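Colleague: Before I read anything into this fold, I would like to go through the terms used for it. Could you take me through them one at a time?

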Amino acid sequence: MATKHILIVPGDGIGQEVTAVGKKVLDKIAAKFGHTFTYDTALIGHVAIEATGSPLPDESLEKMRKSDAVLFGAVGHPKYDNDPSAKVRPEQGLLKMRKELGLYANLRPIKLFDELLSASSIKPEVLRGADILFFRELTGDIYFGEKGRKNNGDTAFDVAEYSRFEVERIARKAFEAARTRRKKLCSVDKANVLETSRLWREVVQKVAKDYPDVDVEHQFVDALAMLLIKDPRRFDVVVTANLFGDILTDEASQIAGSMGMLASASVGEGTGVYEPIHGSAHDITGKGVANPLASILSAALLLDISFGLKTEADTVISAVDAVLKAGFRTRDIADSTTPASKVLGTDAIGAEVLKHI
Ligand code: IPM
Ligand code: MG
């Protein structure tokens with residue numbers, strides 16, 4: 001029986017709605033398996049800026065450091081997207097959280113639930129059985145290098161930088177994971193153009209010598225973007241840099257049916273953070289239609305990775321599977337064959353998952 005303290009950080013937009021459902025799932029698991037989970041909440045993103053002026057107040061960061069795990073929602077607000085001159089932005093809170101907690105490895109499992117074969121715009125026969133685990137490096141690259149303007153503001157730059165140790169630690173995590181899976185690793189870079197990518201490839205080749213049982217391939221990011229859609233089943237573990245990983249995992253969400261299905265785990269030195277890969281989706285905020293399954297599956301990753309509660313995590317995943325098998329869908333994963341009575345809102349599909357736990 002475990003006693004754990006979980007910090008709920010809903011953030012902005014639908015983050016609030018889906019994280020509330022994720023928390024209910026954690027509660028239900030605690031009750032079923034006799035664990036004690038205590039909770040606190042913290043601000044991040046636009047809501048934090050409104051309340052404190054900062055996208056990640058020190059108080060939130062302190063609470064994160066003291067927690068056993070963080071269940072996170074999303075950050076963002078359209079008002080900043082249309083105002084490139086804004087100095088303080090919600091996303092800065094997210095990036096600071098990743099950096100401060102040393103969360104250099106972002107795991108994004110792409111697994112298609114069979115029932116969702118028709119939710120994707122990719123042909124079912126191409127998709128069936130696809131199961132990919134992305135390792136996106138999360139605290140380096142163009143995201144964190146020097147950025148600025150010159151020539152009176154007429155020229156802008158963002159510097160991409162990687163150090164050997166940063167590539168090595170994410171590569172090792174990816175190789176370790178490949179060992180427990182189908183023993184295939186694809187490292188993605190742009191080594192034909194970028195110096196950071198040449199260092200990346202050099203380090204991955206070196207680390208590969210310690211994992212002779214893992215079959216390694218290197219792909220350029222443009223080719224990988226194409227192969228992912230052409231033949232997703234050829235991939236097992238994919239490891240890549242921060243920006244490439246950001247882009248490729250949104251693309252890969254179509255392999256899992258919808259962005260609304262994809263969970264992620266950010267781990268490294270400090271407290272692990274678990275979050276959907278989707279954003280704050282202000283266009284549907286407050287309507288009660290957001291898909292909470294990515295938050296629920298993030299809760300499953302939290303149980304598994306931060307708490308080592310594998311049976312509990314599997315219970316959550318099986319419950320999601322059962323709800324999909326029973327024909328229930330949120331709007332984003334429904335199709336023309338879904339009867340209107342089976343299209344549920346955020347709380348209602350969450351309640352179905354709870355029933356199956
Ligand atoms: C993600 C998001 C973030 C990122 C944004 C919100 C800063 O797209 O987690 O994939 O680019 O990392
Ligand atoms: Mg992204």
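Modeller: Let us start in the loop between α7 and β8 (184-189), where K183 lies. Please keep in mind throughout that this is a predicted model.

Colleague: Why is K183 called partly exposed?

Modeller: The relative accessible area of K183 is 33%, and the term partly exposed covers what lies between buried, under 20%, and exposed, over 50%. The value of 33% falls between these limits, so K183 is partly exposed.

Colleague: What is said about the phi of K183?

Modeller: Phi of K183 is near 60°, a positive value in a residue other than glycine. As background, most residues other than glycine have a negative phi. Another such residue is D141, with phi near 75°, which is found in the loop between β5 (131-137) and β6.

Colleague: Is D141 buried or exposed, and how do you know?

Modeller: D141 has a relative accessible area of 8%, and buried means under 20%, so D141 counts as buried.

Colleague: What makes β6 and β7 a pair of strands?

Modeller: Strand β6 (residues 147-150) and strand β7 (residues 155-158) are joined by 4 bridges, and two strands pair if there are at least two bridges between them, so the condition is met. The two strands run antiparallel, and G148 has F157 in β7 as its bridge partner. They form a hairpin with 4 residues between them, and in its turn N151 has a positive phi of about 50°.

Colleague: How do you know that β3 also pairs with β12, and which way do the two run?

Modeller: There are 2 bridges between β3 and β12, which run parallel, and since at least two are needed, the strands pair. V70 has V273 in β12 as its bridge partner, while L71 stands opposite Y274 in β12. L71 is also the bridge partner of I8, and strand β1 (residues 3-11) is joined to β3 by 5 bridges, again in a parallel arrangement.

Colleague: What else is joined to β12, and what makes both of its faces covered?

Modeller: Strand β11 (residues 263-267) is joined to β12 by 4 bridges and runs antiparallel to it, with S264 opposite E275, and a hairpin of 5 residues connects the two strands. As for the faces of β12, V273 and E275 on one side and Y274 and P276 on the other are all buried. In β3, 6 of its 6 residues are buried, and the strand is described as mostly covered.

Colleague: Why is the pair of F175 and Y211 called stacked?

Modeller: A search of the whole structure finds 3 aromatic pairs. In the one formed by F175 and Y211, the centres are 4.9 Å apart and the planes make an angle of 15°. Rings pair if their centres lie within 6.5 Å, and planes under 30 degrees apart count as stacked, so both values meet the conditions. F175 lies in helix α7 (residues 164-179) and Y211 in the loop between α8 (195-208) and β9 (215-220), so the pair ties together parts that are 36 residues apart in sequence. Both F175 and Y211 are buried.

Colleague: How do you know that K99 lies over the face of F144?

Modeller: K99 is at 4.8 Å from the ring centre of F144, and the distance has to be within 6 Å, with a further condition on the direction from the ring normal. K32 likewise lies over the face of F33, at 5.8 Å from the ring centre.

Colleague: What lines the largest pocket, and how is that lining divided?

Modeller: The largest pocket holds about 1,100 Å³ of space and is lined by 33 residues, with R89, E91, Q92, L95 and K147 nearest its centre. The lining divides into 14 nonpolar, 6 polar and 13 charged residues. The elements that each supply at least two residues include β3, β6, β7 and β12, and α5 gives the most, with 5 residues.

Definitions and conventions: Residues are numbered from 1 along each chain as its sequence is written. Chains are lettered from A and ligands numbered from 1 in the order in which they are written. This is a predicted model: local features need pLDDT of at least 70, side-chain atom pairs count only at pLDDT 80 or more; totals for chains, interfaces and linings use all residues. Side-chain values use heavy atoms; hydrogens and water are left out. Rings of Phe, Tyr and Trp (its six-membered ring) pair if their centres lie within 6.5 Å; planes under 30 degrees apart count as stacked, over 60 as edge-to-face and the rest as tilted. Buried means under 20% relative accessible area, exposed over 50%, partly exposed in between (1.4 Å probe, protein chains only). A charge sits over a ring if NZ of Lys or CZ of Arg is within 6 Å of the ring centre and within 35 degrees of the ring normal. On a 1 Å grid over the protein atoms alone, a cavity is a set of points where a 1.4 Å probe fits but cannot get out, and a pocket is an open set with protein on both sides within 12 Å along at least five of seven lines; lining residues have an atom within 4 Å of a point. Grid points are joined across faces, edges and corners, and a volume is the space filled by probe spheres set on the points. Ala, Val, Leu, Ile, Met, Phe, Trp, Tyr, Cys and Pro count as nonpolar, Asp, Glu, Lys and Arg as charged, and the others, Gly among them, as polar.
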